[in-house]
Structures are given as C-alpha cells and as structure tokens.
Amino acid sequence: MSGHSKWHNIQAKKGKMDAKRGKIFTKIGKEIAVAVKEGGANLDGNAKLRDVIAKAKASNMPNDNIQRAIKKAAGEGAAVNYETIVYEGYGPSGVAVIVETLTDNKNRSAGNVRSAFTKGGGNMGTSGCVSFMFQEKGEIIIEKGELDEEEVMMMALDAGAEDFAAEDEVFIITTAPEDFGTVREALEGNGMEFLEAGVKMIPDTYTSIDEEAAKKFQKMLDLLEDDDDVQEVYHNAEFPEGWEG
C-alpha cells in the first residue's frame, strides 16, 4: 500500500518544503502566535507551545526563527487574532479531505478552499461529512537510521504511546491526543529527533485512486498548500504505485 507510505509521503513533502521553506515557517509562526496568545511565552507552563516548537524543529525551522516568532507574538499580545476553521469535502474519486485553516478573514479562507476543491475535481461539503472517517491521534515519525527497533518501541510504549510500527525507513509512534506531549517529551529527553511530530487526523481506511484522479487531486493539494491560511490538509487517498506528484 505504497500510496500512503509515511516514508514516501515525507520524502515527497520534503522536496516541496525545501522549495517553499519560507511559507512553511510563516505558517508555523502563526501557530506559535496562537499558542503564545492562549498560554503565554513561558515554555514551562505552555504545553501547546512546546508541541508547536517540536513541530517547528521537525520542519527544520532554525532556533533563531522560533525565538523571534515567540518574542513577536508575546509583544503583539491581543493583536494576534487568528481563528481556526476546519473545512471538509471530497476530492476526485470520493477521496475524503479535511482542511484546517488559521485565518483572520473567514470569507477569504472559505472562498480559496472552495476554489481549490472545485479546480481539483472535488467539492466542499458540510461540517462532519468526512471527519467521522478519521481519528485524531498524536503521531511521531522517527527515521530508523542505526536505531534499535525494540529499544525505541519500549521507550515509546513506556512513555504512554498507544501503538508502534516500523515501516520502510521510519518508526511510527501513535498516541492519544492528550498523551502526545508527554510521549514526545520523553522521547526527546532520550535524544530522539523527529521527522514529523504533531496531533493529526488519521484516516481509518484509504481510497485508491488512478493516475488521472491523482493528477487532479495533486492539483487540489498544491493549491491548498500554497494558501497562506491553510495549516494542514488530511486525506485518505492512496496514490498509484510509484506516484511522484
């Protein structure tokens, strides 16, 4: 089922991230701003901020950028006024799609997301139309390298992880959303570095798509990922074998 291989997806995403690093950092900066507004700039007392910083580090955001974003958010205070809005819908071939936005203009976000769905051969649906097909989970992805599988597995499970899997070149650790921070910090404390770390919407099942549908759906994904208001896109598409996007 290579179409949703974590390793394949990370490799494909990495190429795009390298080309759009500034945009990625801007989006993470918005998440830092919201976390600081909600819980303050002190890392010790703000678990959400610690989680966002872990995500920033997994995206190779330099520490200077992270500290600047925290200071800026702390200085702006009440001026930071982003709202989280989630859109749901279907891509080509009935692929389920969830789009998380962080925006200061709901009308702009809704229009842009709807346009991306339409141009990608899909349609935006009502709230709840596809989210029942996903589960919210913490997910930590670690490159295998020279790491001992059993050692990492025991470390993760002892810290409170729900599940551990080895796939291709990576270890995948799954947690309940409320346990994500605890597990992540335990692994970090043991010197683990992450390819990805965050609370995500993970599909229960996947929908296979052919080359033609994959081209349309990739267009939708590219449009959504280029949108400054879009923070995350979750879907259950299983791309054709060898698909490079």
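**A hairpin, a sheet and a helix**

Visitor: How many bridges join strand S5 and strand S6?

Guide: Strand S5 covers residues 163-167 and strand S6 covers residues 170-175, and they run antiparallel. Strands here are DSSP runs (E, at least two residues) and helices likewise (H or I, at least four), numbered from the N terminus; two strands pair if DSSP finds at least two bridges between them. For S5 and S6, the count is 5 bridges.

Visitor: What kind of model is this?

Guide: Residues are numbered from 1 along each chain as its sequence is written, and side-chain values use heavy atoms, leaving out hydrogens and water. Local features need pLDDT of at least 70 and side-chain atom pairs count only at pLDDT 80 or more, while totals for chains, interfaces and linings use all residues, as this model is predicted.

Visitor: Which residue in the turn between S5 and S6 has a positive phi?

Guide: The two strands form a hairpin, with 2 residues between them. Within the strands, Phe164 stands opposite Ile173 of S6. In the turn, the positive phi of about 50° belongs to Asp168.

Visitor: What is the strand order in the open sheet?

Guide: That sheet has 4 strands with antiparallel pairing. Strands S3 (123-124) and S9 (230-235) are at the edges, each pairing on one side only. S1 and S2 are joined by 8 bridges, and the order is S3-S1-S2-S9.

Visitor: Why do the buried residues of H7 line one face?

Guide: Helix H7 (residues 180-189) has buried residues (under 20% relative accessible area, 1.4 Å probe, protein chains only), including Phe180 and Leu187. Taking directions from the helix axis to the C-beta atoms, they line one face because they fall within an arc of 165°.

How values were computed: Buried means under 20% relative accessible area, exposed over 50%, partly exposed in between (1.4 Å probe, protein chains only).
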